[in-house]
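Open the model in your viewer and have a selection tool ready. The stops below say what to pick and what is there.

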Amino acid sequence: MHKYNILGLKFKLNLINNLISFIYYKITNKIYLGPFSALSTFKINNYQFKVKNDDVVVKTSLCGFCGTDKKILTYDYSFFSSAFLQTNKKKDKEIFLGHEVFGKVVDKGSSVKNLRIGDSVILDSMNRDYNISNNIFGGWTNYFLRNEKQLIKIDNIKPEQAILIEPLACAFEAAIKFKIHRNSKILIIGMGTIGLALNSILKFMYKDKLKIHFFSNSKKDNVKIKKGNIPKVHLSDNIIISTAKLLKTEIVESFGNQITVDGFDYIFDTSGSNNLIHNILRITKKKSKIILMGMNMKKFKFDPTPMWLNELEIVSTHGYNLNFKKYNLLKYISWLIFKNKIDIDYLNTEKFSFNNYEKFINEKNDMIKKKTVTFN
Ligand SMILES: [Zn+2]
């Protein structure tokens, strides 16, 4: 059996480290990395993986920093969230982050048939079958182990493209929730990887038949794409007034309570922002559809009346389903990328060496660039 020098980041779940990291974040707005931090580096020399028959050891080439990783590290949730009731991780002492990962197979169990040493793989992060998984480490570690069923073989595309497959799959899942009619007015809230990925997927599915608008917090004014810019409205503005201007419609108002007369047909909220839902309901029209993508794990107060008056349909998505028609969705998306069917050139990534992990964790990059870590 091979031995590996393991290097990576782990997130401790004990109370003291988390309390210190939580307070540090609240004061400095930075993720604490120090002697008592919850997130810390670790090293194990001459480590031997316990490789079961259908297990595979992967050497990490590149791994992304995802919005959900950020939620965990910045304590962006309520401690009373039911997320904590629906997790199997309660008994774990530590977790290993990093799921948007591209790597190479370096070792495998005797009954692994579909993967060979040297194959390039990504992770099927939605496969949480705890009967098969013997998970060791994650994408923010230089080596990790998974069951072969949790890995998807990827050919012909670059690592920087491969780590976008998972967010593109999440965007795809939201895009197929409803059959969207031509000339629909679409609003995407949030210009992070998921918001921009959704734009790519909708353009691929509906060509130029939709009118897509963006509301975003990002500091950059516009995102440059091949055929011009994607303009946006800043979220700190009053989004009801912004909507009225964009859609050339009126606002009905009384006692500071505003609502637009016309509104968007489809609103995708990728931000998971706490205070938006109240206003999102006020820029709709009859039978609008709202698709909530970014998970929100905080309690909030809002006036829900438009849900009934406008007969809104509100649905949520969480990740992706692996099977889309007869395809494996992750493979299908890698094929779309390989064949240049979807434009993802403006979904930029920024690479950090693991030696520079503090920057990888804390550098503010406006979320227009996905941060990635490499171990090479
Ligand atoms: Zn992700």
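The tour goes from the domains to sheets, helices and one loop residue. Keep in mind that this is a predicted model.

**The two domains**

Colour residues 4–164 together with 347–374 as domain 1, and residues 169–316 as domain 2. The C-alpha centres of these two domains are 31 Å apart. Now select the contacts between them: eleven residues on the domain 1 side meet 14 residues of domain 2. On the domain 1 side, the touching residues comprise six nonpolar, three polar and two charged ones.

**A three-strand sheet**

Select β2, β1 and β4. In that order they make an open sheet with antiparallel pairing. Which strands stand at the edges? They are β2 (39–47) and β4 (94–95); each has a single partner strand, so one side of each has no neighbour in the sheet. Next, show β1, residues 4–12, beside β4: two bridges hold this antiparallel pair. To find the place where they meet, pick K12, which stands opposite E94 of β4.

**Helix α1**

Move to residues 15–28, which form helix α1. From first C-alpha to last, this helix of 14 residues reaches 20 Å, close to the 20 Å expected at 1.5 Å a residue. How many of the 14 residues of α1 are buried? The count is one, and the helix is hardly covered. Just past the end of α1, select N29, whose phi is positive, at about 65 degrees.

**Strands β3, β5 and β6**

Select residues 55–64 (β3) and 101–108 (β5); these strands run antiparallel and are joined by seven bridges. Within this pair, V58 stands opposite V105 of β5. Then add β6, residues 120–123, which pairs with β5 in the antiparallel sense over three bridges. Here K104 has S120 of β6 as its bridge partner.

**A six-strand sheet**

Now pick β13, β10, β9, β16, β17 and β18. They form an open sheet in that order, and the pairing is parallel. The edges are β13 (233–234) and β18 (313–316); each has a single partner strand, so one side of each is left without a neighbour in the sheet. Go to the β13 end, where two bridges join this strand to β10 in parallel. The residue opposite H234 of β13 is S216.

**Helix α6 and its cover**

Select residues 239–247, helix α6, and mark I239, T243 and A244, which are buried. Look down the axis of α6: the buried residues fall within an arc of 145 degrees, so they line one face of the helix. In general, an α-helix has 3.6 residues a turn, so residues three or four places apart point the same way.

What covers the buried residues of α6? The cover includes strands β10 (211–216), β14 (251–254) and β15 (257–260), together with helix α7 (277–280). Just after α6 comes K248, with a positive phi of about 50 degrees.

**A last stop: E363**

Finally, select E363 in the loop between α10 (357–362) and β22 (369–374). E363 has 13 other C-beta atoms within 10 Å, so the residue counts as partly exposed. To end, draw a distance from its C-alpha to that of T270: E363 and T270 are 21 Å apart in space and 93 residues apart in sequence.

Conventions
Residues are numbered from 1 along each chain as its sequence is written. This is a predicted model: local features need pLDDT of at least 70, side-chain atom pairs count only at pLDDT 80 or more; totals for chains, interfaces and linings use all residues. Domain bounds come from an automatic or database domain assignment. Two residues are in contact if their C-beta atoms, placed from the backbone, lie within 7 Å. Ala, Val, Leu, Ile, Met, Phe, Trp, Tyr, Cys and Pro count as nonpolar, Asp, Glu, Lys and Arg as charged, and the others, Gly among them, as polar. Two strands pair if DSSP finds at least two bridges between them. Helices (H or I, at least four residues) and strands (E, at least two) are DSSP runs, numbered from the N terminus. A residue is buried if 20 or more other C-beta atoms lie within 10 Å of its own, exposed if 12 or fewer, and partly exposed in between; C-beta atoms are placed from the backbone. The arc is that of the directions from the helix axis to the C-beta atoms. The expected span of a helix is 1.5 Å times one less than its number of residues.
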